[in-house]
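Student: I've just opened this one and could use a walk-through. Can we go over it together?

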Amino acid sequence: MHNQEIAWALAEMANLLEILGENPFKVRAIRKGAMVIEGLETPVSVLSVRGQLAKIDGIGKGLCAEIEELLQAGESRQLQRLREKVPPGVLDMLQLPGIGLRAVRTFFAEGYTTLEELEEGARKHRLRLLPGIAAKTELAVIRGVELLRRRSGKFGLGVARPLAEELLRFLQNLPEVSRAEITGDLRRSQEMVEEIHLLAASQEPAAILDLVKKHPMAAKQLAEDETFVRFAFAFGLPVRIEVTGESDFIARWVETTGTAQHWAALQSRGARPAKASNGVAGGQQGSSTECRAAAESDEGDWRRFISTQEAEEVFYEKLHLPWIPPELRETGKEVAQAEAGELPDLVELGDILGDFHIHTNWSDGVSSLEEMVSAGRSRGYAYMAITDHSQSLAVARGLSESKLREQHRTIRQLAAREKDFTLFSGIEMDILGDGRLDYADDILREMDVVIASVHTGLRQERHKVHTRLEAALKNPHVDIIGHPTGRLIGTREPYDVDIDWLLDLAAKTGTILEINSSPDRLDLSAPHARLAKERGVMIAINTDAHDRARLSEMAYGVANARRAGLEKDDILNTKPLAEVKKILARPKG
DNA sequence: GCCGTTTTCGGCCCGACTGTTTTCAGTCG
């Protein structure tokens with residue numbers, strides 16, 4: 001079982017216990033345990049073998065036993081008992097924004113056990129007859145069900161990508177498979193995907209499919225034919241494993257990576273799908289010829305001869321096009337752009353030199369200051385900013401002014417010991433509900449980096465939201481606006497902000513906007529980040545990491561920036577230290 | 001359920017906003 005699967009099982013257990021009225025502190029402890037497991041870098045199974053499970057902070061005797069059972073049996077008896085008591089639809093109700101525990105308990109007690117029943121009750125104005133429920137709650141139910149419906153059957157990048165990579169390793173390790181790659185929506189780094197699509201090349205496709213079908217991971221088979229098998233993987237996420245002959249691989253990879261529009265644009269330039277009638281797949285003259293030639297040379301190990309990406313470049317070359325990055329293969333218009341030589345030179349993960357949004361256990365982070373710094377160093381960063389929460393965000397143990405100054409003294413001491421690595425002292429300061437900022441200018445002046453973020457009053461009217469953001473953007477000490485729209489993908493709508501207004505103000509004031517890399521946020525979204533580039537607004541790609549492991553989420557932020565067409569020069573944290581310092585020090589407009 | 005002990009049970013992040021009522025509990029972050 002994966003760490004995330006175990007975390008989800010524990011979180012589900014916490015939710016079920018909560019609905020059944022269990023001690024809230026127990027519920028919170030289990031929920032915290034789930035979070036801790038999710039943030040671990042080492043597989044829980046490894047820690048279990050080493051006997052290190054109980055040493056983890058937040059995992060005690062009870063959770064340890066629960067986790068061991070999940071690892072060994074793949075399920076938990078306690079969880080199964082709880083599931084028998086509470087129908088799954090009731091758990092879903094907890095996901096509805098504005099609907100909390102009390103309301104869910106009321107609905108459950110009145111016999112509502114599915115979202116459909118609940119929605120019907122809301123639409124027919126029957127819910128308002130229940131104690132403590134009124135018209136506004138009915139509206140929240142109807143809106144919430146619509147939100148969940150849009151999300152249903154879709155999985156965030158943060159879940160799908162790691163699982164896909166694990167399956168990919170499995171395929172690549174099979175001796176009969178000459179190459180395997182991720183394709184489809186996931187290769188284009190879409191925010192939500194409906195399935196993992198993997199493509200493998202083999203001289204014995206039927207044998208590979210047989211092997212995959214017999215593997216325990218493919219137990220819940222959904223569909224199959226002679227070219228693919230589709231099964232439900234962890235969390236029920238559908239996986240499609242498709243096997244082609246080696247000569248068809250590249251054409252099929254291109255065909256399945258881009259949208260239908262992208263493929264159509266390529267076809268109009270002569271691209272032929274795999275398994276074309278003449279038996280030759282690929283571009284005008286059959287790009288696969290080279291691939292096959294490569295395969296037949298070098299004693300079959302053509303990976304050494306020509307890399308998969310190079311082979312894809314050959315495919316595009318045959319169409320007289322430069323290689324088009326997967327993240328851009330969307331509308332088909334990128335093909336004309338490519339032809340005109342107007343494709344952006346997209347930012348890459350390797351261009352990233354630092355991270356400007358990092359939490360530690362001084363506020364609501366899990367890892368210590370020292371752990372975050374060493375994790376940043378081992379990622380090869382040149383600089384990093386520590387930005388814990390500010391005083392008003394009490395739930396996140398935000399720092400009082402004196403605590404903030406104490407932290408900064410600690411950071412300076414730590415920074416003085418670091419060579420070839422710069423540690424900035426910063427803060428993620430709350431933009432308060434009434435438009436005030438959480439600290440006065442005299443303390444903000446002492447900071448190397450100030451991120452200003454909205455965490456409260458997310459349902460305010462637009463003019464109020466604008467007043468607040470305006471105060472932050474116009475403040476001479478605010479460098480970056482954190483997660484600028486406040487959305488949580490599939491869970492929470494953004495607050496009411498006119499993005500054009502925001503971008504204009506950012507451009508005018510020289511305020512940097514964040515791409516928050518968390519796969520739950522990706523905020524700015526790719527379309528918004530694209531607009532930001534057009535207005536000349538600088539972007540910082542930050543992780544907002546609360547533990548060491550999540551520093552790696554930078555990859556999602558970079559993928560999002562690539563979908564927006566951003567280049568290295570558009571991004572603050574690709575720039576060398578001297579330039580970063582200059583940018584942070586420049587007077588704002 | 002976890003933690004930290006003043007080792008064996010008590011404490012566990014909290015303040016603002018919102019919805020439902022009519023003075024406060026639920027919900028959110």
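Student: Which residues of α25 are buried?
Tutor: Before the list, keep in mind that this is a predicted model. In α25 the buried residues are Met554, Tyr556, Gly557, Val558, Ala559, Asn560, Ala561, Arg562 and Arg563. Since nine of the ten residues of the helix, which runs over residues 554-563, are buried, α25 is largely enclosed by the rest of the structure.

Student: What do the buried residues of α25 pack against?
Tutor: Their packing partners are α10 (157-172), β8 (354-355), β13, α24 and β14 (539-542).

Student: And which residue with a positive phi follows α25?
Tutor: That's Gly565, with phi near 80 degrees.

Student: OK, what about positive phi in a residue other than glycine? What is phi of His483 near?
Tutor: For His483, phi is near 20 degrees. His483 sits in the loop between β12 (480-481) and α23.

Student: Is His483 buried or exposed?
Tutor: His483 counts as buried because its relative accessibility is 1%, and the cut-off for buried is under 20%.

Student: Where is Leu522, and what is its phi near?
Tutor: Leu522 is in the loop between β13 and α24. Its phi is positive, near 40 degrees, and Leu522 is not a glycine either. With a relative accessible area of 1%, Leu522 is buried.

Student: Staying in that loop, which residues does the cis peptide bond join?
Tutor: Asp523 and Leu524, with omega about 10 degrees. Leu524 is in the loop between β13 (512-516) and α24 (526-534).

Student: How many residues along the chain separate Asp523 from Asp500, and what is the distance between their C-alpha atoms?
Tutor: They are 23 residues apart along the chain, and their C-alpha atoms are separated by 15 Å.

Student: Which helix is Asp500 in, and what does it touch?
Tutor: Asp500 lies in α23, residues 499-509. Leaving out residues up to four places away in sequence, Asp500 touches Leu531 and Arg535. Asp500 is partly exposed, at a relative accessible area of 33%.

Student: Thr509 is in helix α23 as well. What does its side chain have polar contacts with?
Tutor: A polar atom of the Thr509 side chain lies 2.7 Å from the backbone oxygen of Leu505. There's also a polar contact of 2.7 Å between the side chains of Thr509 and Thr511.

Student: Is Thr509 buried or exposed?
Tutor: Thr509 is buried, with a relative accessible area of 3%. Setting aside neighbours within four places in sequence, Thr509 is in contact with Leu473, Lys474, Lys588 and Gly589.

Student: Switching to the DNA. How many residues surround strand B, and which are the closest?
Tutor: There are 32 residues around DNA strand B, and the closest are Arg28, Gly58, Gly98, Thr137 and His455. Of the strand's atoms that come within 4 Å of the protein, sugar and phosphate account for 70%.

Student: Which residues have atoms lying by a phosphate oxygen of DNA strand B?
Tutor: Leu101 is one of them, with a backbone N or O atom 2.9 Å from a phosphate oxygen. Ala103 has a polar backbone atom 3.4 Å from a phosphate oxygen of the strand. For Lys136, a polar side-chain atom lies 3.3 Å from a phosphate oxygen of the strand.

Student: Which elements give two or more residues to that surface?
Tutor: Those are α2 (24-38), α4 (61-73), α7 (101-109) and α9 (135-151). The largest share, four residues, comes from α2.

Student: How do the residues of that surface divide by type?
Tutor: It's 15 nonpolar, nine polar and eight charged.

Student: Aromatics next. How many aromatic pairs are there?
Tutor: The count comes to eight. One of them is Phe315 with Tyr316, an edge-to-face pair at 6.1 Å centre to centre and 70 degrees between the planes. Phe315 and Tyr316 are both buried. Ring pairs also link Trp263, Phe315 and Tyr316 into a cluster.

Student: Last one: what does UniProt list for residues 354-433?
Tutor: An unreviewed UniProt entry lists them as "domain: Polymerase/histidinol phosphatase N-terminal". In the model, that stretch is 34% helix and 22% strand, and its end C-alpha atoms are 31 Å apart.

Definitions and conventions: Residues numbered from 1 in each chain as written. Chains lettered and ligands numbered in written order. Heavy atoms only, no water. Near = heavy atom within 4 Å. Polar contact = N/O pair within 3.5 Å; in protein donor to acceptor, adjacent residues only side chain to side chain. Nonpolar A, V, L, I, M, F, W, Y, C, P; charged D, E, K, R; others polar. Buried < 20%, exposed > 50% of the residue type's maximum accessible area, 1.4 Å probe, protein only. Contact = heavy atoms within 4.5 Å. UniProt positions renumbered as here; feature names shortened; annotations may be inferred. Phe/Tyr/Trp six-rings, centres within 6.5 Å; stacked < 30°, edge-to-face > 60°.
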